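Visitor: I have a model in front of me and some labels to test. Could you take me through the reasoning behind them?

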Amino acid sequence: GVAAAALVAAPVVAAASVRRRSGAAGGRRLYVGAARRQIVAAATAETEAAPARVATAETWEQLREEILATNAGLSLKAADEEREAGTLAHTDAKVRYFGEGRDKPRVTLYRDQAAWCPYCQKVWLLLEAKGVDYAISKVPMRSYGDKPDEFMAKVPRGLLPAIEIDGRLMTESLDIMFRIESVFFDEDKPMFPPGGAEREHAVKLLELERAVFGAWCGYLFRPEMPFIGSNSSDFESALKQMDIELERNPESPWFLPYEHPTIVDMQYVSHIERTVASALYYKGYDVRERFSNIDAWLAAWEELPYYMATKSDYYTHCMDIPPQYGPPFPSDNNTAKKVRFKLNPQNARMPVEWDSDPEPRTKAQTQMDVRDFSTEAAWALTRNHEAVVKFSCRPAGQGVGDWAMGNPYRAELADPYAVPGPDVTGVVSAVMRTLASELLNGKGSQEAVATFGQAVVQAAKDAGFEGADCGRVAICLEYLRDRIGVPRDLSMPAAKILRAHLGEASVALRTVARSR
């Protein structure tokens, strides 16, 4: 899965829209296609004149000032302040307050560090929906690192999520949700029907959720055995039943006739989010396209800022699923292969081709200026540049790959005990600053992409890295590119833009390394 150690020490999500922003559909693109060949040519060409340069800030502090001179930058800074104050839903929040009081919360939620645990997500959503003040203590999932002794002393089995309410600790997500509903019951906003036929229906819906989950497991993690039974038909049948149940409620987009999502919806959404991503990535099966009511239900979730603060992207899910559940059985049909190619960060290039991306943006994301996402990525790099550079330099040091070696239930991309290589930190910092400047100031022309490639190579050269040494720098950029996680580090559109810029920079550096 994606590395457990955060790319940025304090990931950024802006306020009202939770920074899930993008350019208008079919609108402005950062760069036009065909620039690939120009980057390669520009990076290798011998020129008599000095190469064109990206307007790169001399220091990280100057770059920070440039970002804060923009409206998007000010919005990002305000979001940081809200998060620190506990008034913004965010993966990096340490506490959440919903009223005027700032007393120590009665609730402490123990959840995974990177916001990838589906069971933690359910409880997180309920606390947000009910507006219950709570503190957060982050613990690594088993796949990504060892759990601290103090947590194991509280929870000997190491289960996540865990919760303390008035000093009473418990585990198991569904039990936790019903306990929260009982202790903090709001008759004006019930999260589960109190009785009667509606409650019986809700219980049956929870049973159906387990059937949908089981069908997904059979579809994804077992090979097709047509003589015994079809995993794919069982999967489709379960989703169809879910789609029918959603259609039966004409009063709202949710399962039950309330204006808000309930425990039933929360029990479904975390695994359906992962089902949508994994079915498309591994099987080429588009759940949202095939089931209109499920699609509308997910779209209703995506209008809630607190849900968007928990929502991951397809790549992150498809990397964190195998160490949690086991290796999937991918299909080799053309659709599946195309999706995997498009979503693999190793193929990420500028510009991000939103119209052909298999992962849909939300309605709000399509209405936003794509440059806001670029600024978000630049801000994430700039405000945490020391941590980002150190993280990126791991492959130049020691311990990369040791954690998962020989253990399929440990994430291959996680290196909790890796030691960065100190001899490359200066050049990686210089290249990252060039990249952040391009994110902030890129003009969106074909020539700008080629100029960016030249500037990356020049930044490495100025730091004393030329020829074959540029390959070492490229490896560091690729290490970061493949470990950018959503929502831990960035919103989905900002993550894709940053991966694309890192991909372009790597191409330029590797081209120089091969040519010398």
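Guide: Start with Trp297. Leaving aside residues up to four places away in sequence, Trp297 touches Met242, Leu246, Pro253, Trp254, Phe255, Asp265, Tyr268, Val269 and Ile272. One caution: this is a predicted model.

Visitor: What makes these count as touching?

Guide: Heavy atoms within 4.5 Å make a contact. Trp297 meets that cut-off with each residue just named, Ile272 being one of them.

Visitor: Which residues have the most contacts inside the largest nonpolar core?

Guide: They are Ile272, Trp297 and Trp301, in a core of 77 residues. A second core, separate from that one, has 56 residues, among them Phe391, Leu440, Phe465 and Ile497. In soluble globular proteins, nonpolar side chains tend to be buried together.

Visitor: What share of the protein chain is buried?

Guide: Of its 516 residues, 58% are buried. The protein chain has 21 helices and five strands. Among contacts with a separation of 6 or more, 79% join residues 24 or more positions apart.

Visitor: Why is the pair Asp80 and Arg383 called a salt bridge?

Guide: The cut-off is 4 Å, from a side-chain nitrogen of Lys or Arg to a carboxyl oxygen of Asp or Glu. The closest N and O atoms of Asp80 and Arg383 are 2.9 Å apart. That is within 4 Å, so the pair is a salt bridge. Asp80 sits in helix 3 (residues 71-85) and Arg383 in helix 16 (residues 370-383), so the bridge ties together parts 303 residues apart in sequence.

Visitor: Why is Asp80 called buried, and why is Arg383 called partly exposed?

Guide: Buried means under 20% relative accessible area. Asp80 has 8%, so it is buried. Arg383 has 23%, and partly exposed runs from there up to the exposed class, over 50%, so Arg383 is partly exposed.

Visitor: Which residues are linked with Asp80 in a network of salt bridges?

Guide: Arg83, Glu84 and Arg383 are linked with Asp80 in that network. The model has 24 salt bridges by this rule.

Visitor: How do you know that Asp92 and Lys138 form a salt bridge?

Guide: Their N to O distance is 3.0 Å. The limit is 4 Å, so the pair passes. The two residues lie in distant parts of the chain, 46 residues apart: Asp92 in the loop between helix 3 and strand 1 (95-96), Lys138 in strand 3 (residues 134-139). Asp92, at 17% relative accessibility, is buried. Lys138, at 28%, is partly exposed.

Visitor: What makes Arg288 and Glu302 a salt bridge?

Guide: Their closest N and O atoms are 2.8 Å apart, and the cut-off is 4 Å. Arg288 is in helix 10 (residues 287-290), while Glu302 is in the loop between helix 11 (292-301) and helix 12 (305-308). Both residues are buried.

Visitor: Which residues line the largest cavity?

Guide: Arg288 and Glu302 do, and the lining also includes Glu273, Val276, Leu298, Tyr307, Lys311 and His317. Helix 9 (263-283) and helix 13 (314-325) are the elements that give two or more residues to this lining. By class, the lining has five nonpolar, two polar and five charged residues. The largest cavity holds about 100 Å³ of space. By this rule there are six cavities of 30 Å³ or more.

Visitor: What makes the bond from Leu160 to Pro161 cis?

Guide: Its omega is near 0 degrees. Pro161 lies in the loop between helix 5 (149-154) and strand 4 (162-165). The bond from Met350 to Pro351 is also cis, with omega near -5 degrees. Pro351 belongs to the loop between helix 14 (334-343) and helix 15 (363-366).

Visitor: What is the phi of Ala115, and is this residue buried or exposed?

Guide: Phi is about 65 degrees, a positive value although Ala115 is not a glycine. The relative accessible area is 6%, under the 20% cut-off, so Ala115 is buried. Its place is the loop between strand 2 (107-112) and helix 4 (118-130).

Visitor: Why is Glu172 called partly exposed?

Guide: Glu172 has 43% relative accessibility, which falls between 20% and 50%, so the label is partly exposed. Its phi is also positive, near 75 degrees. Glu172 sits in the loop between strand 5 (168-171) and helix 6 (173-183).

Methods:
Residues numbered from 1 in each chain as written. Predicted model: local features only at pLDDT ≥ 70, side-chain atom pairs only at ≥ 80, totals over all residues. Heavy atoms only, no water. Helix = DSSP H or I, 4+ residues; strand = E, 2+ residues; numbered from the N terminus. Buried < 20%, exposed > 50% of the residue type's maximum accessible area, 1.4 Å probe, protein only. 1 Å grid on protein atoms, 1.4 Å probe; cavity = no way out; pocket = protein on both sides within 12 Å on 5 of 7 lines; lining within 4 Å. Points joined across faces, edges and corners; volume = space filled by probe spheres on them. Nonpolar A, V, L, I, M, F, W, Y, C, P; charged D, E, K, R; others polar. Core = buried A, V, L, I, M, F, W, Y, C linked by side-chain atoms within 4.5 Å.
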